[in-house]
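Colleague: Could you take me closely through one part of this model, the surface that meets the DNA, and then show how the protein around it is put together? I would like a connected account rather than a list.

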Protein chains: 2
Amino acid sequence: MIQVQTSLNENVVPIAEKGDESRFGAILDAAEYIFASSGYEGAKMRQIAENAGVAQGLIHYHFGNKEKLFESMVARRSGHINNRRAKLLDGLFVDSTTPSLEDVVTALFRPTIETGLSMAKDGGSFSRILVSFANSAAPREQGLAERYYDPIARKFINAFHEIEPRLTKADAVWAYMFAIGVGMTMMAKTGRSLRLSDGVCDDGNIDEMLKKIVIYICGGIRALIENTEN
Amino acid sequence: MIQVQTSLNENVVPIAEKGDESRFGAILDAAEYIFASSGYEGAKMRQIAENAGVAQGLIHYHFGNKEKLFESMVARRSGHINNRRAKLLDGLFVDSTTPSLEDVVTALFRPTIETGLSMAKDGGSFSRILVSFANSAAPREQGLAERYYDPIARKFINAFHEIEPRLTKADAVWAYMFAIGVGMTMMAKTGRSLRLSDGVCDDGNIDEMLKKIVIYICGGIRALIENTEN
DNA sequence: GTCTATAGTTCGATAGAC
DNA sequence: GTCTATCGAACTATAGAC
């Protein structure tokens, strides 16, 4: 029996509040950008400090060490995004209506994308952090994925099963995992599709890509259903 | 017009030949394992030397520096795998037969998987290296992806278009990108599906996963075809 | 809360013996 | 071809002034 965990780590929020005049937020912004560009090991505290316009020592004063800085950065952004994802998903089921598979898959990705687009510079940074979560088996990444992303994942898995009852519970999990895999193609923005299509397929065009991956993912899920052995 | 590059970097082969009694191969094996476990920046030359049972200086004697060691490791394994992929794909089109989409997608992944399975210990290492290629926008990874993987990618993209002429050339590229994204779910072996399904969905069961992703990917591609605006 | 200065460690790479 | 020993640079983290 697949059990659902509904709490969404809403307790984990940024320590800095609105009106905070410290350099707290600037450090987190810089950390997000540098970690996304260079990876955890490749990111240097000096580089983050320089990008944030603060002394290196200040980062340690606020966050203690590199690992805690990383988790704080993840907690801030994921908390905001996943609350929006949960509300969007729940909103699809009001008045006992059954949403389309397309609606659910769109709700899976849109808040992350829109949060990125709403940011002043390089809104794709946090998406790249998420890509590293989805694809790393390392304890740090899987630990954070478990803590900050598994609860909302279980909600989407349940939604898949609820609107497509012929999808087995196991296949609902696979449907989720594969959807994330396809989504990472959009989030990673490697530019490879541009190369392979000689300039035609632009992975920087988020709106077009979202439409494509929703079609693809829903087609994949329906194929899983049709191939279920009864 | 999407152009095809058919050369497969067959010129890039391991420098060490059969019967080579040097520690050359042992270093590459250790590098593959350590780079896969820790990432490029996280991998330490000391750690690779220790794992290979050689002195650190010997790695520099053979490979010059860390970056060249990394590329040599990629070149050795990708050369072997991609030659097998190309032969398998070409074999599907002999006697002017048209293979199924399922056959082509299987040919996309099977050689990588089987090469891993044939290895004594931790055959999943190189798959993890590939995951980092597929999802990193960093120059090192995209440079190696372009050099060692774009040529074979173009062959598969053309195969998609050839057996499904209603698939636009652009959508054939998306079909390839998304297939790789789904495949990464299998190659990364993060163990997340096991968590999310409470032990039911094992991403370590390669045979079962390959069947699943082939069904899913083909369903996704057919959905792209059906949604083409004419 | 923020800075400068630096301690203590670890890294990639090299020199030179065998 | 392989080893030991070590250099110089760069890293995380801390101490202490303001």
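Modeller: What follows begins with the two DNA strands, then turns to the pairing of the chains and ends with the packing of helices in chain B. Please keep in mind throughout that this is a predicted model, and that the distances below are computed from it.

Around DNA strand C there are 16 residues, of which A:Ala55, A:Tyr61, B:Met45, B:Arg46 and B:Lys66 come nearest. Of the atoms of DNA strand C that come within 4 Å of the protein, 60% are accounted for by sugar and phosphate. Two polar pairs at the phosphates can be described in detail: an N or O atom in the side chain of A:His62 is 3.2 Å from a phosphate oxygen of DNA strand C, while for B:Met45 a polar backbone atom is 2.9 Å from a phosphate oxygen of that strand. A base is also reached, since the side chain of B:Arg46 places an N or O atom 3.0 Å from a base nitrogen of DNA strand C. The elements that give two or more residues to this surface are helix H3 (56-63) of chain A and, from chain B, helix H2 (45-52) and helix H3 (56-63). By class, the residues near DNA strand C divide into six nonpolar, six polar and four charged.

DNA strand D has 17 residues around it, and those that come nearest are A:Arg46, A:Gln56, A:Lys66, B:Ala55 and B:Tyr61. Sugar or phosphate holds 59% of the atoms of DNA strand D within 4 Å of the protein, and the rest belong to bases. Both chains have polar atoms placed at its phosphates. In chain A, the side chain of A:His60 has an N or O atom 3.2 Å from a phosphate oxygen of DNA strand D, and a backbone N or O atom of A:Lys66 lies 3.0 Å from a phosphate oxygen of the strand; in chain B, a polar side-chain atom of B:His62 lies 3.2 Å from a phosphate oxygen. For this surface, at least two residues each are supplied by helix H2 (45-52) and H3 of chain A, together with H3 of chain B. The residues near DNA strand D comprise six nonpolar, seven polar and four charged.

As for the two chains, chain A superposes on chain B (RMSD 0.0 Å) by a rotation of 180° with 0.0 Å of shift along its axis, which is the relation of a two-fold axis. The copies meet through the same surface, because 100% of the interface residues of chain A are also interface residues in chain B.

Within chain B, helix H1 (residues 24-42) and helix H4 (residues 66-91) pack with their axes 9 Å apart and at an angle of about 105°, and they are therefore roughly perpendicular to each other. Among the residues that make the contact are B:Phe35, B:Tyr40 and B:Glu41 of H1(B), and B:Lys66, B:Glu67 and B:Phe70 of H4(B). In classes, this contact holds eight nonpolar, two polar and seven charged residues. B:Lys66 thus appears in this helix contact and also among the residues that come nearest to DNA strand C. A further helix, H7 (residues 139-148) of chain B, contains B:Arg140. Leaving aside neighbours within four places in sequence, B:Arg140 is in contact with B:Tyr40, B:Glu41, B:Glu67 and B:Phe70. B:Arg140 and B:Phe70 are 70 residues apart in sequence, yet 9.9 Å apart in space from C-alpha to C-alpha.

Note on methods: Residues numbered from 1 in each chain as written. Chains lettered and ligands numbered in written order. Predicted model: local features only at pLDDT ≥ 70, side-chain atom pairs only at ≥ 80, totals over all residues. Heavy atoms only, no water. Helix = DSSP H or I, 4+ residues; strand = E, 2+ residues; numbered from the N terminus. Contact = heavy atoms within 4.5 Å. Axes fitted to C-alpha atoms, helices over the stretch in contact; angles between N-to-C directions. Parallel < 35°, antiparallel > 145°, perpendicular 65-115°, else oblique. Nonpolar A, V, L, I, M, F, W, Y, C, P; charged D, E, K, R; others polar. Near = heavy atom within 4 Å. Polar contact = N/O pair within 3.5 Å; in protein donor to acceptor, adjacent residues only side chain to side chain. Least-squares fit on C-alpha atoms with pLDDT ≥ 70 in both.
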